[in-house]
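Subject: Structure handover

Hi there,

Here is the structure I promised to pass on to you. Have a look at it first, and my notes on what turned up follow underneath.

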2 protein chains.
Amino acid sequence: MGKQLHLNLFIHDTGHHEASWRLPESDPAADLDLAFHQRLTRIAEDAKFDSVFLADSPALWGDPSRRPSGKLEPTVLLAALAAGTTRIGLIATASTSYNEPYNLARRFASLDHLSNGRAGWNIVTTAGDAAARNFGLEGQPLHRTRYERAAEFLEVSTKLWDSWADEALVADKDAGVHADPDRVRPAGHRGRFFQVEGALNVRRSPQGHPLLVQAGSSEDGKEFAARWAEAVFTAQPTLAEGQAFYADVKRRAAAAGRDPDHVKILPGIVPVIGATEAEARELEAELDRLIKPEYAREQLATVLKVDPERLRFDEQLPDDLPTEDEVEGAKSRYTLIVELARRERLTVRELIGRLGGGRGHRTFAGTPVQVADTIQHWFENSAADGFNVMPAVLPSGLEVFVAEVLPILRERGLFRTEYTGTTLRDHYGLPRPADRFALAAAVGGAA
Amino acid sequence: MGKQLHLNLFIHDTGHHEASWRLPESDPAADLDLAFHQRLTRIAEDAKFDSVFLADSPALWGDPSRRPSGKLEPTVLLAALAAGTTRIGLIATASTSYNEPYNLARRFASLDHLSNGRAGWNIVTTAGDAAARNFGLEGQPLHRTRYERAAEFLEVSTKLWDSWADEALVADKDAGVHADPDRVRPAGHRGRFFQVEGALNVRRSPQGHPLLVQAGSSEDGKEFAARWAEAVFTAQPTLAEGQAFYADVKRRAAAAGRDPDHVKILPGIVPVIGATEAEARELEAELDRLIKPEYAREQLATVLKVDPERLRFDEQLPDDLPTEDEVEGAKSRYTLIVELARRERLTVRELIGRLGGGRGHRTFAGTPVQVADTIQHWFENSAADGFNVMPAVLPSGLEVFVAEVLPILRERGLFRTEYTGTTLRDHYGLPRPADRFALAAAVGGAA
């Protein structure tokens, strides 16, 4: 069996197209419905996806009249999804800017225990003033500061996950000794952002550490990924850009002393599938017709930090937008949008259509064979180790992908027919981090 | 049908007796095992308990060699338990001292949504320096300060839960309007401890607010309960003390302008059940023999803030212990232990035996009829609206209670045979909090 694709399902209520909730088939209350999320997760597990994933921000994002804005907190939702599944990985987004390391490291260790080794953490620094104002700040901290805090947050978290040795549980009933106290030690962290004594009150979890995922593609984001990420979700609109990003992150990981194969790159793909190409394009057009342009323009103006009045539907973007360096929010998302508009000379109306479909991710309307061809082409040409699958409409877009595209990928030997392991790390072919006690003992410096 | 008892199952790994893990039947890794917790919850749901409950502190508590110290984070664990159950309430402990209101209010709203209205929050301020040192502090904040923060935390949380009107979801697909923006409003909280803009990114949940539970019995604790709590877990060693506490909290609730019947008082009971009284006492003695006295003395010394050497096994407690006013930790637990020892003139060894069984809660060894009689006696003599059931050994102690004691209580018409409602508030006979938008409109001052 040759190299295998990795597939993650990005769950986003009724679908990644912002107007998907307006389709007759869609349940507008799906965003807060456990049964809806259970259904999607079971479809993905039956189809042997590596994982499901939930994005997140601790703030009400955008205008609630426009589209579903409810967000069940991901660690809690994934714990509920763990109970009805046995193999699929469960990746929750959580912010390093608006959590405390002890609480969050503990929740992920708990999720890893109760899912028997299926927890993943998509580490985000959370752009935007709205979130900051829910946590006592007037506005978001600087981009650079957020990443510095994130790096220290990861240092603390790994110390906490490693505060129990794998073999700490003794369970000697006769002697009345539950754990070996010499195999439990404080984190003892004292840094710039955090002072955390430890130890964690959760023993080392099945995966040692949850799978660490990252999705920022700015300079700071890529450096962080090179140091910490084991999987990277990214928006890459063209093969050439995908290849450049892939090479860049792998090179940075190697420079950081890591095995580049231990950082899996998963670009987002928004498949819109039809029996014919024309049918797929008609489905895409139907969705785009449901976008309310005034809403979309306001959202675009927020990201671009310009007055909405300056964005004219039938003209291109203004020439005098700020550079990425001047943006303190979601830098890579900003640059992606501006470059897409400039490269393809899109009007504001055209740009809104493109973003409504995939928010900068690669929207691909075509037949199952065309979608499979694209996936294979990126996979075999050093642009992807797999894909972050973002159906425009859920669950139907997932069902079609599973029924029509996966059999083609399997026929070509590119995707598993059965799980070969039990943990999320097993699925992605990633090693379990060594117990730091064992490491310390090996070099003669045990705790 | 007359007034009905409320029963909560307090889940505490292999049982509330600290040596329970040493019994042959006990799984020493149960503390981190989802299947174990699922089994207990299903037994409790089949038996029509009102709720299950998990205590918590964000710190490794005590010596890990002594007894199981793993604690899955409760909101995450209860979310997993929600998935396999349909009726039983799910009460998680969470700290107001070491969480941010936006994150925690959101997790409880999420749990309430995904359980269809079964979430409860046991509000604690978290005593102890160990927890404080996991969150950047050198030691615990003052008792009074912790309660002041807790009160403001509740103000913010209720504003966030009420930031969406019940009827905010419009879901007009034709017009493209998902929610009515006039029925979503910021929390806009600016206080001493917190500045939280809001709104929440979770719509108002099935219960409006999760059931609010409280368990501190100090002066500050009782005042907080009178203002906020809808159920109170408490340790009351004698009927007279139970009656005094019951009357005190009901009186305070009335003084705070609340219906005293909307504060349910649930003393803890640790039933140790045998076919005969002698058999029950033998089971209790067997458990007490498994306590390691040196460990227990160290733990007692920590609570009493004395040198362990000063606690002599065959003597009573020293006379010069501090008063409750001088203690900044868990005040009511401290007083309970000291008063128990003085009242019954217990030696340190005897005190350890009593605490090992129930940590100050009422341990009751007897036949099923004796246990039922005690429950009925407290219930019918204004000492309890129900009980917090804390089996010394789990799951066996729960199984015996369900099989032997519940049928007697049912025969006497004191406990339900079927659930009559679907939410946790339904089970406890507590009202759903009014939507503040509706309240504001009713007095002509809409948001």
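**Where the chains meet**

Across the interface of chain B and chain A, 44 residue pairs are in polar contact, both residues of each pair being at pLDDT 80 or more. As that cut-off suggests, you are looking at a predicted model.

On the side of chain B that touches chain A, six elements of chain B each supply at least two residues: the helices α1 (34–46), α2 (74–83) and α3 (101–114), and the strands β5 (169–172), β6 (177–179) and β8 (195–196). If you want one element to start with, try α3(B), which gives the most to that side, with eight residues. By character, the residues on this side of chain B divide into 37 nonpolar, 18 polar and 19 charged.

How many salt bridges does the rule find across the interface of chain B and chain A? There are six salt bridges between the two chains. One to bring up on your screen joins the side chains of D31(B) and R203(A), with 2.8 Å from N to O.

**How much is buried**

Chain A brings 74 residues to the contact, and chain B brings 74 residues as well. Between them the two chains bury about 5800 Å², and 57% of that is on carbon and sulfur atoms. In chain B, the residues that lose the most area to chain A are V76(B), K173(B) and H178(B), which together make up 12% of what that side buries.

**How the copies are related**

A turn of 180° and a shift of 0.0 Å along the axis lay chain B on chain A with an RMSD of 0.0 Å. That is the relation of a two-fold axis. To find the axis from chain B, look for A80(B): its C-alpha is the nearest to the axis in that chain, 2.0 Å away. Both copies use the same surface, as 100% of the contact residues of chain B recur in chain A.

**Aromatic pairs**

Over all chains, the count of aromatic pairs comes to 24. One of the pairs is F153(B) with F194(B), which is edge-to-face, with 5.5 Å centre to centre and 90° between the planes. F153(B) lies in helix α5 (residues 143–161) of chain B, while F194(B) lies in the loop between β7 (189–190) and β8 of chain B, so the pair ties together parts that are 41 residues apart in sequence.

Happy browsing, and do write back with any questions!

Best wishes

Terms used
Residues numbered from 1 in each chain as written. Chains lettered and ligands numbered in written order. Predicted model: local features only at pLDDT ≥ 70, side-chain atom pairs only at ≥ 80, totals over all residues. Heavy atoms only, no water. Contact = heavy atoms within 4.5 Å. Buried area = accessible area lost by both parts, 1.4 Å probe. Salt bridge = Lys/Arg side-chain N within 4 Å of Asp/Glu carboxyl O. Polar contact = N/O pair within 3.5 Å; in protein donor to acceptor, adjacent residues only side chain to side chain. Helix = DSSP H or I, 4+ residues; strand = E, 2+ residues; numbered from the N terminus. Nonpolar A, V, L, I, M, F, W, Y, C, P; charged D, E, K, R; others polar. Least-squares fit on C-alpha atoms with pLDDT ≥ 70 in both. Phe/Tyr/Trp six-rings, centres within 6.5 Å; stacked < 30°, edge-to-face > 60°.
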